[in-house]
Amino acid sequence: YEDVQTYNDFAKNPMRYTIAEKRRTLLVYFLGSMSKKYRALGNKLIQFLRAFFALPVEHGGDLVMDPAKNKEKYIIRPNYSPDGYYVKSKYMRRTQKDTKISQKTKSQKNVEINAGDILGVLRQYILPSTYTIIGITSMKIYNPEYKDDTIMGFGCGSRSCVISIPECYDKSIKTPMKADKFALFEMIKTAAHEVSHTMKLDHCVKYSCIMNSQYVKETPDTPIYFCPECIRKLHTAIKFDCVNRWESLRKFYSLVQFKGAANWIT
């Protein structure tokens with residue numbers, strides 16, 4: 001059971017981080033070793049984010065994730081500067097120490113990274129112009145609260161979220177879509193859901209909505225749109241032009257050949 005977040009609850013939330021003229025950018029980082037295929041999916045996701053949230057989206061670059069010597073931690077560092085910024089831990093400000101990210105695996109062939117630790121690192125890269133920072137990773141992620149299940153994404157109200165590309169390739173779901181197209185479909189739904197969490201939208205329990213709880217893997221039937229109440233919350237949060245947003249989404253869905261989504265808008 002989850003509490004209902006009404007529109008008034010959302011609008012009056014004193015912890016809601018408001019958008020500003022100089023603080024309205026979604027900042028995206030690629031995390032881990034990104035193959036050509038993963039990088040292409042990540043770039044398409046950036047296109048989607050621009051259309052869906054009607055905000056500027058910037059690619060901050062890549063962050064390398066390397067195993068530490070004790071094989072129980074991972075070190076994350078920027079790949080564009082050998083003397084770049086490092087953080088001692090997810091709770092510390094920038095120092096010249098390495099950041100260590102915990103993992104819960106016995107085999108290096110199937111590494112799963114704690115999603116909360118990743119968010120702690122990403123927050124160190126938030127700029128004055130950043131509204132939300134988003135990590136797109138080539139590694140599997142998990143939330144300790146979900147027992148042994150890996151997750152497709154994780155976001156919180158502290159303006160940070162992470163999306164796992166490999167988790168969006170779910171072979172257990174039967175779909176007529178090709179694997180890469182279905183993975184993109186799952187990625188954009190997950191990203192829309194998790195980025196909305198960073199804007200203080202809670203799970204929707206009233207309607208069929210992209211903000212429905214995702215404690216289980218999504219299916220092709222999971223909505224790709226907001227319900228009327230949640231779209232009102234999003235509009236209150238970021239003040240987009242409704243007509244331009246729908247037109248941008250229609251063009252994106254047509255570009256990636258999501259005909260059902262494009263026809264739904266039309």
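The following questions and answers concern aromatic pairs, a nonpolar core and a small sheet in a predicted model.

Residues are numbered from 1 along each chain as its sequence is written. Because the model is predicted, local features need pLDDT of at least 70 and side-chain atom pairs count only at pLDDT 80 or more, while totals for chains, interfaces and linings use all residues; side-chain values use heavy atoms, without hydrogens and water.

Me: Are the rings of Phe 48 and Phe 252 stacked, edge-to-face or tilted?
Reply: Rings of Phe, Tyr and Trp (its six-membered ring) pair if their centres lie within 6.5 Å; planes under 30 degrees apart count as stacked, over 60 as edge-to-face and the rest as tilted. The search of the whole structure finds 10 aromatic pairs. In the pair of Phe 48 and Phe 252 the centres are 5.7 Å apart and the planes stand at 55°, so the pair is tilted.

Me: How many residues apart are Phe 48 and Phe 252?
Reply: Helices (DSSP runs of H or I, at least four residues) and strands (runs of E, at least two) are numbered from the N terminus. Phe 48 belongs to helix 2 (residues 36–53) and Phe 252 to helix 6 (residues 242–255). The pair thus links distant parts of the chain, 204 residues apart.

Me: Which helix gives the most residues to the largest nonpolar core?
Reply: A nonpolar core is a set of buried Ala, Val, Leu, Ile, Met, Phe, Trp, Tyr and Cys residues joined through side-chain atoms within 4.5 Å, where buried means under 20% relative accessible area, exposed over 50% and partly exposed in between (1.4 Å probe, protein chains only). The largest such core has 55 residues, and those with the most contacts inside it include Phe 48 and Leu 49. Among the elements that each supply at least two residues are strand 1 (25–31) and helix 4 (179–198). The most, 9 residues, comes from helix 2.

Me: Which strands stand at the edges of the open sheet with the order 7-9-10?
Reply: Two strands pair if DSSP finds at least two bridges between them. This sheet of 3 strands has mixed pairing, and strand 7 pairs with strand 9 (residues 140–142) in the parallel sense over 3 bridges. One side of each edge strand is left without a neighbour in the sheet, because each has a single partner strand: these are strand 7 (112–114) and strand 10 (150–151).

Me: Which residue in strand 9 stands opposite Ile 113?
Reply: Ile 113 is also among the residues of a second, separate core of 18 residues. Its opposite residue in strand 9 is Ile 141.
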